[in-house]
Amino acid sequence: MAVRMGIHAGLDRVEDPAERLDELANVREFERVARSVLDPVRYERVAGGARDERTVRENERGFARIGLVPRVLRGVREPALGVDLLGTRGSWPVVIAPTACHGLAHPDAERATARAAAATGTIMIAAAASTVAIEDIAAEARTVAPDPALWFQLCPQPDHGPAEAAVRRAEDAGVRAFVLTVDADAAPGLSWRHVDRLRGATGLPIVLKGILHPDDARLGVEHGADGLIVSNHGGRGLDAAPPTIDRLPPLADAVAGRIPLLLGGGVRRGTDVVKALALGASAVAVGRPVVWGLATAGDAGVRRVLDLLRTEVAHTMILCGCPDVRAVPHDLAVPGAIGTAPS
């Protein structure tokens, strides 16, 4: 697909972005390319949020209000980036968030995303509203890695029958965990009873996505959740929800290390990942940047986005003197605005 690009100063001619991936130096540049190649309606489906999109903007600005204190003379050369999340091994502390309809960004849709995830050792959470069936996503991932790290999103419904059927299909496809999105706007009237029913329907780990209040975090533990994702659904739910990074410390206190916490929303740099780790996350979930990479160049674009972020994570760990992502000191993250996120 030929488009007009301006990746760097002086570059302003028709190019195929897939041929210039090495010149895209960060996630924000992929966002600009995705905006140029996608139909405006499709782009807004990926990038947009609810109402005035305040929460979308604040998710990024929340990270800008936090600094990292570098440590010196620590002798860190190659930090350990691998994580084990509920029995699933990831090569680094980033998972692909469940984002719907990758087919809007690229004809290969979730198949391309699955190939990129498997190639980079990244845990992928396949969305319930994927363009491609979970069986096909898993099969595509296995063309790259024999035992891919794949989780599956469930959206609770008042009628438990369809949910149980989805559980069986996903288990047969080989997923390793379920991510239950708890968004009241998606299915009003749901309660903790629906979590209990899912807990009784599968022996796989269950992660609750959409937790922002410490009491909900404690209730999640009591109702058998194996993990939580601190999430405001990328700003697509309540447009007065606080940024997720601000909610991470109180939720970490509430959980007190009993189950892993992941964080989604606003991650655009490797420094954001390390900030989240310092404030109590075991890993972060990245959604929109993956779709921007997909729109730019299919699975090669997704791989490039993931590789850029991984390089930034490793470099940040070295500058902060941290040898292992599983033990990032809390005192590295400090209040203090160091810039503002794009509006």
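**Helix packing and a parallel barrel**

In this predicted model, the axes of helix α10 (residues 270-278) and helix α11 (residues 288-319) come within 7 Å and cross at roughly 55°. An angle of that kind falls outside the ranges that count as roughly parallel, antiparallel or perpendicular, and α10 and α11 are therefore oblique to each other. Their crossing is right-handed. On the α10 side the contact is formed by G270, T271, V273 and V274, which meet L309, E312, V313, T316 and M317 of α11. By character, the residues of this contact of α10 with α11 divide into five nonpolar, three polar and one charged.

A second pair of helices offers another arrangement to examine. Helix α5 (residues 134-142) packs against helix α6 (residues 160-173) at an angle of about 15°, and the two axes are 9 Å apart. Because angles under 35 degrees count as roughly parallel, α5 is described as roughly parallel to α6. The crossing of α5 and α6 is right-handed. From α5 the contact draws on I134, E135, A138 and R142, while α6 contributes R169, A170 and A173. The residues of this contact of α5 with α6 comprise four nonpolar and three charged, with no polar ones.

From the helices we turn to the sheet. Eight strands form a closed barrel in the order β6-β7-β8-β9-β10-β11-β12-β13, and their pairing is parallel. Within this sheet, neighbouring strands are turned against each other by 30° on average, direction ignored. Strands of a sheet pair through backbone hydrogen bonds, in either a parallel or an antiparallel sense. One piece of the barrel can be followed at strand β7 (residues 123-126), which runs parallel to β8 and is joined to β8 by three bridges; here M124 stands opposite L150 of β8.

Strand β8 itself deserves a closer look. Five of its five residues are buried, so β8 is largely enclosed by the rest of the structure. Both of its faces are covered, with L150, F152 and L154 buried on one side and W151 and Q153 buried on the other. Helix α7 (residues 192-201) lies across β8 (150-154), β9 (178-181) and β10 (206-211), and runs at about 160° to β10.

The loop between β7 and α5 holds A129, and this residue links the account of the strands to that of the helices. A129 has a relative accessibility of 41% and therefore counts as partly exposed. Leaving out residues up to four places away in sequence, A129 touches A100 and C101. The C-alpha atoms of A129 and Q153, which are 24 residues apart along the chain, are separated by 8.7 Å.

Further along the barrel, β11 pairs in the parallel sense with strand β12 (residues 261-264) over three bridges, and V230 stands opposite L263 in β12. The loop between β11 (227-230) and α9 (244-255) contains S231. Is S231 buried or exposed? S231 counts as buried, because its relative accessibility is 4% and the cut-off for buried is under 20%. Apart from neighbours within four places in sequence, S231 is in contact with K209, G210, I211, L212, T244 and G264.

Conventions:
Residues are numbered from 1 along each chain as its sequence is written. This is a predicted model: local features need pLDDT of at least 70, side-chain atom pairs count only at pLDDT 80 or more; totals for chains, interfaces and linings use all residues. Side-chain values use heavy atoms; hydrogens and water are left out. Helices (H or I, at least four residues) and strands (E, at least two) are DSSP runs, numbered from the N terminus. Buried means under 20% relative accessible area, exposed over 50%, partly exposed in between (1.4 Å probe, protein chains only). Contact means heavy atoms within 4.5 Å. Two strands pair if DSSP finds at least two bridges between them. Axes are lines fitted to C-alpha atoms, for helices over the stretch in contact, and angles run from 0 to 180 degrees between N-to-C directions. Angles under 35 degrees count as roughly parallel, over 145 as roughly antiparallel, 65 to 115 as roughly perpendicular and the rest as oblique. A crossing is left-handed if the near helix is turned anticlockwise from the far one by less than a right angle, and right-handed if clockwise. Ala, Val, Leu, Ile, Met, Phe, Trp, Tyr, Cys and Pro count as nonpolar, Asp, Glu, Lys and Arg as charged, and the others, Gly among them, as polar.
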